[in-house]
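Please look through the sequence and the model below before reading on. The paragraphs that follow go through the structure step by step.

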Amino acid sequence: MNQVTCECGFQTRDSEEGPVVTAVLDHVRADHPDLEGAVTPEVVRGWIEVVPG
């Protein structure tokens with residue numbers, strides 16, 4: 001299971017990377033707009049943790 005947990009407490013997980021990346025980018029746009037330009041799909045992929053599903 002692929003998971004990302006934001007410092008603000010937001011968490012998303014999915015068996016595939018794509019939906020996790022999309023969810024994090026949507027979260028950044030909505031809740032952290034000051035980071036929007038700096039957080040790219042490649043950055044998000046670096047944040048993904050593989051956890052037991």
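Helix H1 gives the largest share of the lining of the largest pocket, with 3 residues. This is a predicted model, and the volume of its largest pocket is about 190 Å³. Two elements, strand S1 (2-5) and H1, each give two or more residues to the lining of this pocket. Sorted by class, the lining consists of 8 nonpolar, 3 polar and 1 charged residues. Among the lining residues are Val-4, Thr-5, Cys-6, Glu-7 and Cys-8. Further along the sequence, the lining also includes Val-24, His-27, Val-28, His-32, Leu-35, Val-39 and Trp-47.

One of these lining residues can be followed more closely. Where in the chain is His-32 found? His-32 belongs to the loop between helix H1 (17-31) and helix H2 (41-47). Is His-32 buried or exposed? The relative accessible area of His-32 is 18%, and buried means under 20%, so His-32 is buried. Apart from neighbours within four places in sequence, the contacts of His-32 are Cys-6, Cys-8 and His-27. Cys-6, Cys-8 and His-27 are also in the lining of the largest pocket, as is His-32 itself.

The loop between H1 and H2 also holds Ala-38 and Thr-40. Ala-38 has a relative accessibility of 55%, and the cut-off for exposed is over 50%, so Ala-38 counts as exposed. Thr-40 has a relative accessible area of 26%; this value falls between the two cut-offs, so Thr-40 is partly exposed. The loop therefore has a buried residue in His-32, an exposed one in Ala-38 and a partly exposed one in Thr-40. Two C-alpha distances help to place the last two residues. Ala-38 and His-27 are 11 residues apart along the chain, and their C-alpha atoms are separated by 14 Å. Thr-40 and Cys-6 are 34 residues apart in sequence, with 15 Å from C-alpha to C-alpha.

Next comes a residue of a strand. Gln-3 lies in strand S1. With a relative accessibility of 9%, which is under 20%, Gln-3 counts as buried. Which residues is Gln-3 in contact with, leaving aside its neighbours within four places in sequence? The contacts are Gln-11, Thr-12, Arg-13, Trp-47, Ile-48, Glu-49 and Val-51. One of these, Trp-47, is 44 residues from Gln-3 along the chain, yet the two C-alpha atoms are separated by 8.3 Å. Trp-47 is also one of the residues that line the largest pocket.

The last step is to view the protein as a whole. Its secondary structure consists of 2 helices and 3 strands, which follow the pattern β-β-α-α-β along the sequence. Of the contacts with a separation of 6 or more, 36% are between residues 24 or more positions apart. The C-alpha trace spans about 30 × 20 × 15 Å along its principal axes. For 53 residues, a compact globule would have a radius of gyration near 10 Å; the protein has 10 Å, so the two values agree. Buried residues make up 28% of the 53 residues. The accessible surface comes to about 3,400 Å², and carbon and sulfur atoms account for 51% of this surface.

Terms used. Residues are numbered from 1 along each chain as its sequence is written. This is a predicted model: local features need pLDDT of at least 70, side-chain atom pairs count only at pLDDT 80 or more; totals for chains, interfaces and linings use all residues. Side-chain values use heavy atoms; hydrogens and water are left out. Helices (H or I, at least four residues) and strands (E, at least two) are DSSP runs, numbered from the N terminus. Buried means under 20% relative accessible area, exposed over 50%, partly exposed in between (1.4 Å probe, protein chains only). Contact means heavy atoms within 4.5 Å. The radius of gyration is taken over C-alpha atoms; the globule rule is 2.2 Å times the number of residues to the power 0.38. Accessible areas come from the Shrake-Rupley method with a 1.4 Å probe; for residues, only the protein chains shown count as cover. On a 1 Å grid over the protein atoms alone, a cavity is a set of points where a 1.4 Å probe fits but cannot get out, and a pocket is an open set with protein on both sides within 12 Å along at least five of seven lines; lining residues have an atom within 4 Å of a point. Grid points are joined across faces, edges and corners, and a volume is the space filled by probe spheres set on the points. Ala, Val, Leu, Ile, Met, Phe, Trp, Tyr, Cys and Pro count as nonpolar, Asp, Glu, Lys and Arg as charged, and the others, Gly among them, as polar.
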